[in-house]
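Please open the structure in a viewer and keep the selection panel at hand. The tour proceeds by selections, each followed by a description of what is found there.

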Amino acid sequence: MSESVHLKRYVESHPDNKMAWYLLGKDYERHGEHGKANFCFNRAEEVYEAFEHSKVPADIWKNYQQKLLQEEQQREKRVGSIRRAALALALFLLFLVPSAAAPEWSMDSWAKEELDSGEKLSALAEAESRAGEEKPEAEGPLFTAAGSDAEGQGGLSSLFQKPSELPESSVVLGMRQAGTWKLWSDQMPLLYGVKVMEGGGITVTPLQGDGANCDCGPLEGGTLKEMAAKWSENQLNQAVLASALDSFYAAKGRLPQELKELSGPFPDNWLAGSSDKLEELYEVYASVTGSVTKARAEGENGSTELAMLEKMPGLLGSSPDGAPFFREKLRVVIDRKQHRLAVVSGDIILRSYKVGLGESNKTPLGTFRIADKVINPNGTGNGVYGTRGMQLSDTNYAIHGTADVNSIGANVSEGCIRMLTEDVEELFDLVPMGTEVKIGEGLLPDLDLTSEERFALKRSSGQGNPSKTYVWLD
């Protein structure tokens, strides 16, 4: 009986097993049956995306599939609960990446093990020298997020570039892909649970629903899905604070002594206000920089204050290597062709809004910075510039609100960027003064990316500028 027949029988009885679909597709592909292979790969969904480009050695896949076939043949001859349980468990094995210090393993040693229905699959993926021993349980999982890179490779492969730096237990959230951009969300789906075994081996488990099937250790603070949402919210707040600190340092040549320095009255309103989360994060930041200041006072040489921002620990979990998830400060990107304004960090889009632009390409191309941030730039929320205005460098152009909703998505202004009220108010709170603004064409995908719960700060007083009458090219 051919290999394809055995694999086909298995997926017929286990249609939800995406790993089995992937292996069947690989077998059809080897035999030149590309139509059937593509059908199987489509059924494999994220398993295909994650592992097709993960550079797993071919001999490992060959040995793994051979073992699966042997098990399936034995199942046909022996109807035993132990063998069936081992087979079901075997198909959940997704990946093993031994570190440089890890002993080699082989499928032969795996075949020698006697498994009962209660054993975890991670034991199957370990070397004989590890004998199925795991590291002690961690207090709970850490989180990260991954999408496909520019070459279409699965996010997991990039996660495994430095397996020795991974924590004992982590959870990978999924960012959708739009061209070269990854899309951030506060409700990203749970993709995989990643567990580092004793000796450096790694097992990956596809997660379903709320992640109840994740072997992630004790969950304190809610379900895995709730913890992931808190982590996402925390990372966004951390990006806002770090960007504000960076802008403040660039202007002042020092870091603020207290959070109030970032949210003072105009023109010192780097941030529009504060929040409980920002205050909590700032306390963590202050403890880090305080240690640096003390070390300098004692005559020690070290990194600059700005470099310490990269080491600022996260709350409610951090990325697998212990650093904040967003490594680059926030920027604003405006696409004249798509009538889009996005808040980005590196190649990740955090927000994307539809905007109105200048007629006849009056909105200028180039790179600017947010010079002034003003609430009610006309002195009233009913003015032509709406409730918020952000001037671009030393120009007469600005990003501001508008009551003319029909101008959104159109070219009707004298060059300014118009936004809906709820959008410009969120942008005002998200991006600090000094944020870079790049205007170009063909830069962004044409899609909306906002959150049901808008990012909002507790507004500090004095965010207006009554001493100046703004005359922007609306």
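The stops below go from the whole chain to its sheets, its cores and one helix.

**The whole chain**

Begin with the entire protein chain, bearing in mind that this is a predicted model. Colour the chain by pLDDT: the mean is 75, and 65% of the residues reach 70 or more. Two stretches deserve caution when they are displayed. Over residues 54-61 pLDDT stays under 50, and the model has eleven contacts beyond four places in sequence for them. Residues 149-154 likewise stay under 50, with 13 contacts beyond four places in sequence.

Now switch to a cartoon view, in which twelve helices and 18 strands can be traced. Of the 474 residues in the chain, 51% are buried. Among contacts between residues at least 6 apart in sequence, 67% join residues at least 24 apart.

**The ten-stranded sheet**

Select the strands of the open sheet whose order is S3-S4-S10-S9-S8-S17-S12-S13-S14-S16; ten strands take part, and their pairing is mixed. Which strands stand at the edges? They are S3 (176-178) and S16 (417-419), each of which has a single partner strand, so one side of each lacks a neighbour in the sheet. From one strand to the next, the twist averages 35°.

Centre the view on strand S8, residues 331-335, where four of the five residues are buried. On one side, S8 pairs with S9 (residues 340-345) in the antiparallel sense, over five bridges. Two facing pairs can be labelled here: Val333 has Ala342 of S9 as its bridge partner, and Asp335 stands opposite Arg340 in S9. Follow the chain through the hairpin of S8 and S9, which has four residues between the strands; within this hairpin, His339 takes a positive phi near 55°.

Next, add strand S17, residues 436-440, which pairs with S8 in the parallel sense over four bridges. Ile334 has Ile439 as its bridge partner in S17.

Then show helix H12, residues 421-430. This helix lies across S8, S9, S10 (348-354), S12 (366-375), S13 (388-392), S14 (398-401) and S16, and runs at about 60° to S13.

**The four-stranded sheet**

Move to the other open sheet of this tour, in which four strands are arranged in the order S1-S2-S5-S6 with mixed pairing. Strands S1 (142-146) and S6 (202-206) stand at its edges, and each has a single partner strand, so one side of each is left without a neighbour in the sheet. The twist averages 25° from one strand to the next.

Select S1 together with S2, residues 169-174: the two run parallel and are joined by five bridges. Phe143 stands opposite Val171 in S2. With these strands still displayed, bring in H9, which packs on the sheet and touches S1, S2 and S5 (190-196). The direction of H9 makes about 70° with that of S1.

**The nonpolar cores**

Switch to side chains for the largest nonpolar core, which has 61 residues. Which members touch the most others? They are Trp184, Leu341 and Leu427. Helix H9, residues 224-252, supplies the largest share of this core, with eleven residues.

Select Leu341 and display its surroundings. Leaving aside neighbours within four places in sequence, Leu341 is in contact with Val332, Val333, Ile334, Arg351, Ser352, Tyr353, Val355, Ile399, Ile417, Met419, Leu427 and Leu444. Apart from the largest core lies another core, of 14 residues, including Val11, Leu24, Ala37 and Cys40.

**Helix H3**

Finally, select helix H3, residues 34-44, whose buried residues are Ala37, Cys40, Phe41 and Ala44. Turn the view to look down the axis of H3: the buried residues fall within an arc of 100°, so they line one face of the helix. Rotate to the face turned away from this buried side, where the exposed residues Gly35 and Asn42 are found. The last residue to select is Glu45, just after H3, which takes a positive phi of about 50°.

Note on methods:
Residues numbered from 1 in each chain as written. Predicted model: local features only at pLDDT ≥ 70, side-chain atom pairs only at ≥ 80, totals over all residues. Heavy atoms only, no water. Core = buried A, V, L, I, M, F, W, Y, C linked by side-chain atoms within 4.5 Å. Buried < 20%, exposed > 50% of the residue type's maximum accessible area, 1.4 Å probe, protein only. Contact = heavy atoms within 4.5 Å. Pairing = 2+ DSSP bridges. Axes fitted to C-alpha atoms, helices over the stretch in contact; angles between N-to-C directions. pLDDT = per-residue confidence, 0-100. Arc of directions from axis to C-beta.
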